[in-house]
Amino acid sequence: MNDDIKWLNEIRIEKTIKALNDNGMEACLVSDKESLINKIDEILKEGSSVTLGGTMTAFEVGIVDHLKSGRFEYYDRYKENLTEEERKDIYRKAFSCDGYITGSNAITEDGELYNVDGNGNRVAAMIYGPDKVIVIAGVNKIVKDLNEAKSRVERIAAPANGKRLNRKTPCAKVGYCMDCKSPERMCREYTVIKRPIPGRIHVIFLNEELGY
């Protein structure tokens, strides 16, 4: 990344971090993926029960191997050959976990987390249940306000995920949201987290583009 762009991104990240902290979340910027793992280990002690929300970012930053390392009691929703009932059981276990690690569809400069879900398990666990929620985000997730957050989901997150998951939705074909009524529609629950219980939600930024 060009140094000038990196500097510009850092200014935007720091502004968003301040807003998130003012809203009762614990936000920070880490320099690299090793520092990210160290930060997670500060938040979640060894032996903690942990699971993931639906997030491409977690795979891109390489934390999944760390979760599987034996340090944590890890409930793996991505384990091969899981039945639908076994996957649902992991979704339910998330509510009693010590830690829940996920991404966010968009984070406003005013310190709000904007998310759109298909099953609702991710946003439900972000709102209530796990003792700690850790949101990992690249600078590309920062938007000016909720209007821009909505646009980001419609123009980037929804069609990209539709393509990744091979959904039979208009967005997976044309590349933007058409507010469809498809049975495979992914955008069903819309949430804004603005002022959660102080200290429960941690937002960790990296100055790079991550996830959808």
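Here are legends for a set of close-up views of this predicted model. Because the model is predicted, local features need pLDDT of at least 70 and side-chain atom pairs count only at pLDDT 80 or more, while totals for chains, interfaces and linings use all residues. Residues are numbered from 1 along each chain as its sequence is written, and side-chain values use heavy atoms, with hydrogens and water left out.

**View 1. The largest nonpolar core and its best-connected members.** A nonpolar core is a set of buried Ala, Val, Leu, Ile, Met, Phe, Trp, Tyr and Cys residues joined through side-chain atoms within 4.5 Å. "Buried" means under 20% relative accessible area, "exposed" means over 50%, and "partly exposed" is in between (1.4 Å probe, protein chains only). Out of 22 residues here, the ones touching the most other members are L36, I40, I63, I101, I134, I136 and I204. Two or more residues come from each of β1 (26–30), α2 (33–43), β2 (49–52), α4 (63–67), β7 (132–138) and β10 (201–206). Those labels are DSSP runs numbered from the N terminus: helices (H or I) have at least four residues, and strands (E) at least two. Helix α2 chips in the largest share, four residues. Zoom in on L36 and you'll find it in contact (heavy atoms within 4.5 Å) with V30, V61, I63, I136, I204 and L206, leaving aside neighbours within four places in sequence.

**View 2. I193, part of a second core.** This separate core has 20 residues, including I107, L113, V139 and I193. You can spot I193 in strand β9 (residues 189–193). I193 counts as buried because its relative accessibility is 9%. Skipping residues up to four places away in sequence, I193 touches M25, G111, E112, L113, M126, I127 and I201. For a sense of scale, the C-alpha atoms of I193 and L8 are separated by 26 Å, and these two residues sit 185 residues apart along the chain.

**View 3. T102 and its neighbours.** T102 belongs to strand β4 (residues 99–102). With a relative accessible area of 1%, T102 is buried. Its contacts, not counting residues up to four places away in sequence, are G53, G54, T55, R122, M126, V133, I134, V135 and I136.

**View 4. The structure's one aromatic pair.** Rings of Phe, Tyr and Trp (its six-membered ring) pair if their centres lie within 6.5 Å; planes under 30 degrees apart are stacked, over 60 edge-to-face, and the rest tilted. F59 and Y78 have ring centres 4.9 Å apart and planes at 80°, so they meet edge-to-face. The pair links distant parts of the chain, 19 residues apart: F59 is in helix α3 (residues 56–60), and Y78 is in the loop between β3 (73–75) and α5 (84–93). F59 is partly exposed at 39% relative accessibility, and Y78 is partly exposed too, at 34%.

**View 5. The lining of the largest pocket.** Of the 32 lining residues, G54, D117, N161, R164 and L165 are the closest to the pocket's centre. On a 1 Å grid over the protein atoms alone, a pocket is an open set of points where a 1.4 Å probe fits, with protein on both sides within 12 Å along at least five of seven lines, and lining residues have an atom within 4 Å of a point. Helix α7 gives the most to the lining, with five residues. L165 lies in the loop between α7 and α8 (171–174), and is partly exposed at 39% relative accessible area.
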